[in-house]
Amino acid sequence: MKYKYILATHAGGPEVLQVMETDLRAPARGEVRIKVLASAVCRPDITVRSGKALYSGTPLGQKFPFVPGYAAVGIVDAIGAGVTRVSVGQNVGALTVIGGYSEYLYWKSDRLIQMPTGLDPAESVTLILNYIVAYQCMHRSARVKPGEKVLMIGASGGIGSSFLQLGQLAGLKMYGLASPEKHTLLQAYGAQAIDYHTQDFVSVMREAEPSGINVVFDGLMRPQTVNGALSLLCPAGRLISYGEPAGFGDLSRVLSRMTAVNLFSAEKSCRLYGTSFYFLGKQQPFLEDWQKLFQLLQTRQIQPLITQKFSLSDAAAAHRLLESGSVCGNLVLLASELL
Ligand SMILES: NC(=O)c1ccc[n+]([C@@H]2O[C@H](COP(=O)([O-])OP(=O)(O)OC[C@H]3O[C@@H](n4cnc5c(N)ncnc54)[C@H](OP(=O)(O)O)[C@@H]3O)[C@@H](O)[C@H]2O)c1
């Protein structure tokens, strides 16, 4: 039997995403084969495909061709020898980083995220990347407390909309930067919206919160924004940066500033957040937090904002839409039988 997958043939625009076909094979030892029901379309898929990710063009960068797709959910369809943790028919997710844009996925059984049954695949796939970033930034990195004042730099996208829902649930007083056409989204979750195109967020925040704010969640990692954000923090204030910097220049300027704050300021602290910790021996907190998120979804305490669903073959159209900057929330590729 043949199955389809999407190949990014070389660095470039969405047109480099080609629909390919290959034969299904049996899973290798320790591997499971997943019938993919939904794949997330997210910002890192685009930066890597376009060759604009931080490490693109370096020995650590993604080699072409490759199958994009940072996160996927589906059903275990076959198991290889030695697999005992999961069985055929079980719902699972995978933080794949690459490989998620496919009808079938081969994945190491010890890297699977076990999922409850009955969840909507389009909604649940947003938990695998966008919600886990927002949840861990809030509850592991910043350890927010109800009533704290927070600013979200990038409040309307995939991760930003997850912050809004989780922030409302955590009882935070929220401010967020977004384009004006997306302000109703922020307001729907009780956040005060700031138009970063026309307003200086530092002045707006100083006026709104003269005694400072407790936490900034930074999805940009730009030196100027980081400096502005730091100037707004009150005593015991925390800056959590999770965005991918535009280049090594920005990265080194932001890191030196953060290091200086952590070394010399008794009043403020800075942390970087990255899902890469999942692959660096810190799996357990992720597995625990995904289960909490699945529970929040099951009880409808979170309701992921799915802006549009596409078929796998329309991955290029999904990339075009996300790159247009008009998306509020999440885009998802769905298995054809679910569309
Ligand atoms: N650390 C990790 O593990 C991890 C994991 C996934 C993603 N990321 C990174 O996190 C960042 C956000 O990802 P995402 O999926 O949420 O992206 P996204 O859906 O494309 O959203 C981007 C957000 O940034 C806002 N924005 C863009 N330019 C801005 C500016 N100059 N000033 C203020 N806000 C601006 C956008 O606002 P408008 O659209 O309203 O203009 C939007 O809210 C990306 O850098 C991504 O690579 C990190």
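**Exercise 1. Strand S15**

How many of the five residues of strand S15 (residues 330–334) are buried? Establish this in the predicted model, then identify the partners of the strand.

*Solution.*

Step 1. A residue is buried if 20 or more other C-beta atoms lie within 10 Å of its own. Five of the five residues of S15 meet this condition, so the strand is largely enclosed by the rest of the structure.

Step 2. Consider the directions of the side chains. Asn330, Val332 and Leu334 point one way from S15, while Leu331 and Leu333 point the other way. The residues of both groups are buried.

Step 3. Turn to the pairing. Strand S3 (residues 31–41) pairs with S15 in the antiparallel sense, over four bridges; Ala40 has Val332 as its bridge partner in S15. Strand S14 (residues 306–311) runs parallel to S15 and is joined to it by five bridges, with Leu331 of S15 as the bridge partner of Gln308.

**Exercise 2. The domains and their contact**

Determine how the chain is divided, and describe the side of domain 1 that touches domain 2.

*Solution.*

Step 1. The chain is divided into domain 1 (2–128 + 282–338) and domain 2 (146–273).

Step 2. Taken over C-alpha atoms, the centres of domain 1 and domain 2 are separated by 28 Å.

Step 3. The contact involves twelve residues of domain 1 and twelve residues of domain 2. On the side of domain 1 that touches domain 2, H1 contributes the largest share, three residues. By class, the residues of this side are seven nonpolar, four polar and one charged.

**Exercise 3. The shell around the ligand**

Which residues are closest to the ligand, and which elements give two or more residues to the shell?

*Solution.*

Step 1. The ligand is surrounded by 28 residues, of which Arg43, Gly154, Gly157, Ile159 and Ser179 are the closest.

Step 2. Two or more residues of the shell come from each of helix H1 (43–49), helix H2 (121–141), helix H3 (158–169) and strand S9 (173–178).

Step 3. Sorted by class, the shell holds 13 nonpolar, twelve polar and three charged residues.

Step 4. Assign the shell to the domains: domain 1 and domain 2 each supply at least three residues. Helix H1 thus appears both among the elements of the ligand shell and on the side of domain 1 that touches domain 2.

**Exercise 4. The six-stranded sheet**

Derive the order of the strands in the open sheet of six strands, and identify the strands at its edges.

*Solution.*

Step 1. The order is S10-S9-S8-S11-S12-S13, and the pairing is parallel.

Step 2. The edges are formed by strand S10 (192–195) and strand S13 (268–272). Each has a single partner strand, so one side of each is left without a neighbour in the sheet.

Step 3. From one strand to the next, the twist averages 15 degrees.

Step 4. Examine one pair in detail. Strand S8 (residues 149–153) pairs with S9 in the parallel sense over five bridges, and Val150 stands opposite Met174 in S9.

Step 5. Add the helix. Helix H7 (residues 248–264) packs on the sheet and touches strand S12 (233–241) and S13. The direction of H7 makes about 140 degrees with that of S13.

**Exercise 5. Backbone geometry in the loops**

Locate the cis peptide bond from Phe64 to Pro65, and characterise the positive phi values of Val97 and Arg300.

*Solution.*

Step 1. Begin with the expectation: most residues other than glycine have a negative phi, and most peptide bonds are trans.

Step 2. The bond from Phe64 to Pro65 is cis, with omega near -10 degrees. Pro65 lies in the loop between H1 and strand S4 (71–79).

Step 3. Val97 has a phi near 70 degrees and is placed in the loop between strand S5 (91–95) and strand S6 (104–108). Val97 counts as partly exposed because it has 19 C-beta neighbours inside 10 Å.

Step 4. Arg300 has a phi near 60 degrees and occupies the loop between helix H8 (283–298) and S14. With 7 other C-beta atoms within 10 Å, Arg300 is exposed.

**Exercise 6. Thr198**

Is Thr198 buried or exposed? State also its place in the chain.

*Solution.*

Step 1. Thr198 belongs to the loop between S10 and helix H5 (201–208).

Step 2. Thr198 has 7 C-beta neighbours inside 10 Å and therefore counts as exposed.

Step 3. Thr198 and Lys35 are 163 residues apart along the chain, and their C-alpha atoms are separated by 46 Å.

Methods
Residues are numbered from 1 along each chain as its sequence is written. This is a predicted model: local features need pLDDT of at least 70, side-chain atom pairs count only at pLDDT 80 or more; totals for chains, interfaces and linings use all residues. A residue is near a molecule or strand if its C-beta atom, placed from the backbone, lies within 6 Å of it. Ala, Val, Leu, Ile, Met, Phe, Trp, Tyr, Cys and Pro count as nonpolar, Asp, Glu, Lys and Arg as charged, and the others, Gly among them, as polar. Domain bounds come from an automatic or database domain assignment. Two strands pair if DSSP finds at least two bridges between them. Axes are lines fitted to C-alpha atoms, for helices over the stretch in contact, and angles run from 0 to 180 degrees between N-to-C directions. Two residues are in contact if their C-beta atoms, placed from the backbone, lie within 7 Å. A residue is buried if 20 or more other C-beta atoms lie within 10 Å of its own, exposed if 12 or fewer, and partly exposed in between; C-beta atoms are placed from the backbone.
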